[in-house]
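Please open the structure in the viewer and keep the sequence panel visible. The tour proceeds by selection, with a description at each stop.

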Amino acid sequence: MAEVINMPRLSDTMEEGTLAKWFKKVGDTVKEGEILAEIETDKATMEFESFYDGVLLHIGIDEGSTAPVDSIIAIIGSKGEDISEIINNDIPVVKEEPTPVAKEQVKPVSIISMSNDRILISPLAKKLADEKGIDISAIKGSGDSGRIIKRDIDSFKPSNYSQFSQPRPHLKESSYETQNSAMRKAIAKRLTDSKFSAPHYYLNIELEMDNIISFRKQFIQTQNIKISFNDIIAKAVSLSLAKHPKVNSRWYDDKIIFNEHVHLGVAVAVDDGLVVPVVKFSNSKDLPQINTEIKDFAERAKNKKLSPSEIEGSTFTISNLGMFGIESFTSIINQPNSAILSIGAIVQKPIVKNNEVVVGNTMKLTLACDHRTVDGATGSLFLKTLKEYIENPVSILI
């Protein structure tokens, strides 16, 4: 009997999904547990496994197209099985993302010779490369046998253009564009809604970091676990939030929820935007546990392996750009959370200690608060507690 596969609801806010990639084609044998497709939601791109054994009899949505949750995307059954009644009775509503050029069709591969190298490229990709002034010898193809296809041209970044190091007589002004992904559109909508609906205000503090630098070094030597400064700060934030549930709160139109537990969201940059995996009950976890979870989340986020449950339910978020050398910045609140903490770089500079100017290490933190839930005094008291933990890191272990 044929089994219908519908567009899954992979997150609590998902209303439609984009079929980013099919790993099977009609007629292929499919086994339970095999990766069937890659689906792009409003929060991430995730691999979708088959729950059935059989033959892929029907594909209801093309790569790059979008369909509502619960619409038919595929049918798996026995070879030769008649599925016409299923298809006719439930035709999915599929819309295709607008594109400035015709959708790429399956065409014979063009082989172009450049500098005695043979480059495989589809006709459409070659046309787009010529229009954009892209040197195709600098592109690594993702198609069959390394063939360059349309998506390789669309994703090619101008900073990598080899044409600028090898001037050509036909150079002209060029630009490139890519279609907005479901994740990028969701990020734009959520952050716009947050910025213009939540009355943000910002609190800034600068911390002395000499003690935490020594603490980290000793911890690594004695425990043989390479924790990061971000891990220590995440733990300090979690303990501080447990003492200040008003900061660890969520705003809704009819109520405010104050959370005594801490589900800490940790912003992670990925190729197409930003995801926020959540360390659940982080205030109850020790440094090695937090280190392991954050490291695992970061790795799987970049490989699109996070599950929906791992990126939902945060009560507070931290965002760290210190690793990129950014000393101070402000973030937009990840609603319905009431606040988000921006973490800057550790900077060596002259500071005053015991009435003397000495060389020390400092770090700037910026707390963005929703004034509907977190008053200035409330946010300030939270930062006071956080400062005590970070400047006296041994207290984190007590």
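The model is predicted. Begin by selecting phenylalanine 281, which is partly exposed, with a relative accessible area of 45%. Phenylalanine 281 sits in the loop that runs between strand E18 (278-279) and helix H7 (287-302). Its backbone deserves attention: phi of phenylalanine 281 is near 50°, a positive value in a residue other than glycine. Most residues other than glycine have a negative phi.

Next, select asparagine 224, in the loop between helix H5 (210-223) and H6. Here too the residue is not glycine and phi is positive, near 55°. Is asparagine 224 buried or exposed? With a relative accessible area of 71%, asparagine 224 is exposed, the cut-off for that class being over 50%.

Continue along the chain to helix H6, residues 229-243. Display its C-alpha trace: the 15 residues of H6 reach 21 Å from the first C-alpha to the last, close to the 21 Å expected at 1.5 Å a residue. Then add the molecular surface. Because 12 of the 15 residues of H6 are buried, the helix is largely enclosed by the rest of the structure. To view the buried set, select Asn230, Asp231, Ile232, Ile233, Ala234, Lys235, Ala236, Val237, Ser238, Leu239, Ser240 and Leu241. Charged side chains are found in this set, among them Asp231 and Lys235.

Move now to the loop between E19 and E20, where proline 336 lies. Select glutamine 335 together with proline 336: a cis peptide bond joins the two, with omega about 10°. Most peptide bonds are trans.

Serine 338 is the final stop, in the loop between strand E19 (316-320) and strand E20 (339-353). Serine 338 is buried, its relative accessible area being 0%. Which side chains make polar contacts with the side chain of serine 338? One is that of serine 249, at 2.8 Å. Another is that of threonine 373, also at 2.8 Å.

To see the wider surroundings, extend the selection to the residues in contact with serine 338, leaving aside its neighbours within four places in sequence. These comprise Val247, Ser249, Arg250, Trp251, Ile333, Ala368, Cys369, Asp370, Thr373 and Val374. Both polar partners, Ser249 and Thr373, appear in this list.

Terms used. Residues numbered from 1 in each chain as written. Predicted model: local features only at pLDDT ≥ 70, side-chain atom pairs only at ≥ 80, totals over all residues. Heavy atoms only, no water. Helix = DSSP H or I, 4+ residues; strand = E, 2+ residues; numbered from the N terminus. Expected span 1.5 Å × (residues − 1). Buried < 20%, exposed > 50% of the residue type's maximum accessible area, 1.4 Å probe, protein only. Polar contact = N/O pair within 3.5 Å; in protein donor to acceptor, adjacent residues only side chain to side chain. Contact = heavy atoms within 4.5 Å.
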